[in-house]
Amino acid sequence: MTALRVEGLGKRYGRGTWALRECTFDLPQGRIIGLVGANGAGKTTLLHLAIGLLSPTEGSVFLFGRPLRMDRPAGLAEVGFVAQDHPLYRGFTVADLLHFGRSMNRRFDETTARKRLAELGIPLDRRAGRLSGGQQAQVALTLALAKQPRLLVLDEPAASLDPLARREFMSTLMGAVADSELTVLLSSHAIGELERVCDHLVLLRKGRMCLAGDTDELVAGHRVLSGPRPDANAAMQGLVAATHGPRQSHLLVRQPVTVPVHPHWEANPVSLEELVLAYLAQPETKEGRD
Amino acid sequence: MLWLIWRQHRAELLTAVVLLFLFAVPIIVSGLAMHAEYETSGAAACVANPQDSCGPIADRFVSNHIEWANRLVFAAMLPLLAGVFIGAPLLAREFESGTWRLAFTQSVTRTRWLVSKLTIVGAGTAGIAVAFGLLFTWWRGPLNEIDGRLRTAAFVATPVSLAVVTVFAFAAGVLAGALLRRTIPAMAVALAVFLVVRIPLEESARPHYVKPLSRVNDALAHNDPGWRPTTDWVVENGWVDSAGKMLSADAQNAVMREIYGEGGSMYGSDLGLARYMAEHGIRRYTEYHPDSAFGAMLAIESALYLGLAAVLLAVAVWVVRRRLH
Amino acid sequence: MFAFRLDTRSGVPTYLQLVEQVRHGLLLGYLQDGDQLPTVRDVAAALVVNPNTVAKAYRELERAGLVAPRAGQGTFVTGNVDRVPAATYAKLSARLRAWVNAAREAGLGPDQVRALVTAILDEDRSKARAA
């Protein structure tokens, strides 16, 4: 079952350039999906489109098999969202924010929310504007989780936090995922963290999708071949990136382990981080699609 | 939803109520004194039963209070506060602080969110305006009985006029906020739009909401009935010649010079002028709205401002629904 | 309760690290029959890893017969790993220690010792396979 399916999704702001173009992928249910890309690659646009905060210029979005329409309460109830910089009404106390959630949602698990806030030591009578960045992020996450969504979307949730607050935030998130059947889609720059946290990846480069798939399969489907420098531009099946020394070359190739390797070449597994960076740095002409 | 609206706008409501109170205290104090003086000075009796001797009484009463009455003309600017401080931040603040992403991802659709907010906050603001209008109009009561309720100073302070103009100002602020997404620029635009619409409508449109009546008097009218309340609102006057044609300002000035001489006193007897006019068949011409036009004027003013407000709010809803990014 | 840790630099997949730690704990006696393992939720939150990964590790351990879930209570060690008997363990580790001392005196560094051990193990394994 797919949690989120996008087909030919594109978004253009005004008459300007396309922020996102020709995006097609399926996100499996019950997984933690990482959305990776450089700044300006269209991550926020994609996330906003995915939850109907923005309407697409072309293409369509399906949430749990049903077409997503803006302004439908049923669809809104299935999605939890923590926006970039986790905005809150600064003048509201934490208790006010819980009241806000209760009055804006038919389904709102305030008991669990209060429990979670108590565990985190966040006082209910404190104004949101006076909480630390980490606490604000936790409150935003608590509000999103209390909706009991099926899909939780987070836009660089921990980017502005210090390492400790960041760890606590991600820890809360992991605990919440373990507690429920939640599917999580989160964008992040911290590739090292994504490796531990995500089991599915979508890579965006300049508004286009350049790779998507289960992390295990992605890692298994790629390898680094090291050996004597090949003849200039020798065609290599599934070549993603190449680094050349004077006599030696390292080639990142997309090919199954079963493909036999030329005796001159030594095959090594590739780490997810290495893989992601290679794809993001890929020149525009080579489009590896999944 | 209701709770959210209350929580987000309770400070504005409180400020409005405090403002109302600050206005109310001096107005009620001076108003009670004025209403008492209206009775004791005999002005009330004069209005009920006009007599020749009433002129000085009514004049004295009006001049005692005209300064305050003129000050209250600024009530016409009160709706501006609603546009700048309630309308403009309503959406701009959400966009500026990013909380729109929080508000629009709850289970309440943004259309319902916006329509509820606009309806309730708009109605509340209009309610405050009605309260101000009732206060001002009560204070002006005696003056209106003498001078009529159609003149600008009286009309703009009526509850209905004040409320519909407030709703328009609120709508202008909301749309400015929806388009500009930043509070301070939205406030500035709300202010500008309000002035650009309000002043011309006030100055040139309102006298023509309904066609004024006209009358022509002989200059030497001996049938002067004496003093009576002037509830007509005179919007145009001048002289017409024997053919019934309006005299231009230049022609009028020429006549004045002929009678009084270059630089002569204008404060002499009217008799010379009256005689001249009678000899040349010139008569006085007046266009005016009678007191009975009040209801129609108010209805037209309401339709105009509420119509404008409806268009602005509809555009704001459309902008938020469609072009959000 | 048993505490997992994660070596993010080792390059070993997370679930494998968790499996190895339980196996290791059993071998060395840190974990014993009937001990309860922390819940998937607790491990995921403590290590900040995907709960699916932790669940995968627990499934793997279950398949290997090292742990078993008890309905509504959690996951418990069933401990049928071939543990080294204490006497054997003591004897072998003493002899290894002596050997390591000899290697150091012969001028071998830790890396060389490790390389030597790996080479012997590999050789042993290929011999076993051939047999």
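A cavity here is a set of points, on a 1 Å grid over the protein atoms alone, where a 1.4 Å probe fits but cannot get out, and lining residues have an atom within 4 Å of a point. A volume is the space filled by probe spheres set on the points, with grid points joined across faces, edges and corners.

This is a predicted model, where local features need pLDDT of at least 70, side-chain atom pairs count only at pLDDT 80 or more, and totals for chains, interfaces and linings use all residues. Residues are numbered from 1 along each chain as its sequence is written, and chains are lettered from A.

On to the empty space. There are two cavities of 30 Å³ or more, and the largest holds about 90 Å³. Its lining takes in 13 residues, with A:Phe81, A:Val82, A:Ala140, B:Leu102 and B:Thr105 nearest the centre. Elements giving two or more residues to that lining are tabulated below; helices (H or I, at least four residues) and strands (E, at least two) are DSSP runs, numbered from the N terminus.

| Element | Chain | Residues |
|---|---|---|
| Strand 6 | A | 79–82 |
| Helix 5 | A | 133–146 |
| Helix 5 | B | 100–103 |

Helix 5 of chain A gives the most, with three residues.

Now the sheet. In chain A, four strands form an open antiparallel sheet, ordered 12-13-11-14 (strands pair if DSSP finds at least two bridges between them). Strands 12 (239–244) and 14 (266–269) of chain A are the edges: each has a single partner strand, so one side of each lacks a neighbour in the sheet. Strand 14 of chain A pairs with strand 11 (residues 222–228) of chain A over four bridges, and A:Leu225 sits opposite A:Ala267 of strand 14.

Notes
Heavy atoms only, no water. 1 Å grid on protein atoms, 1.4 Å probe; cavity = no way out; pocket = protein on both sides within 12 Å on 5 of 7 lines; lining within 4 Å.
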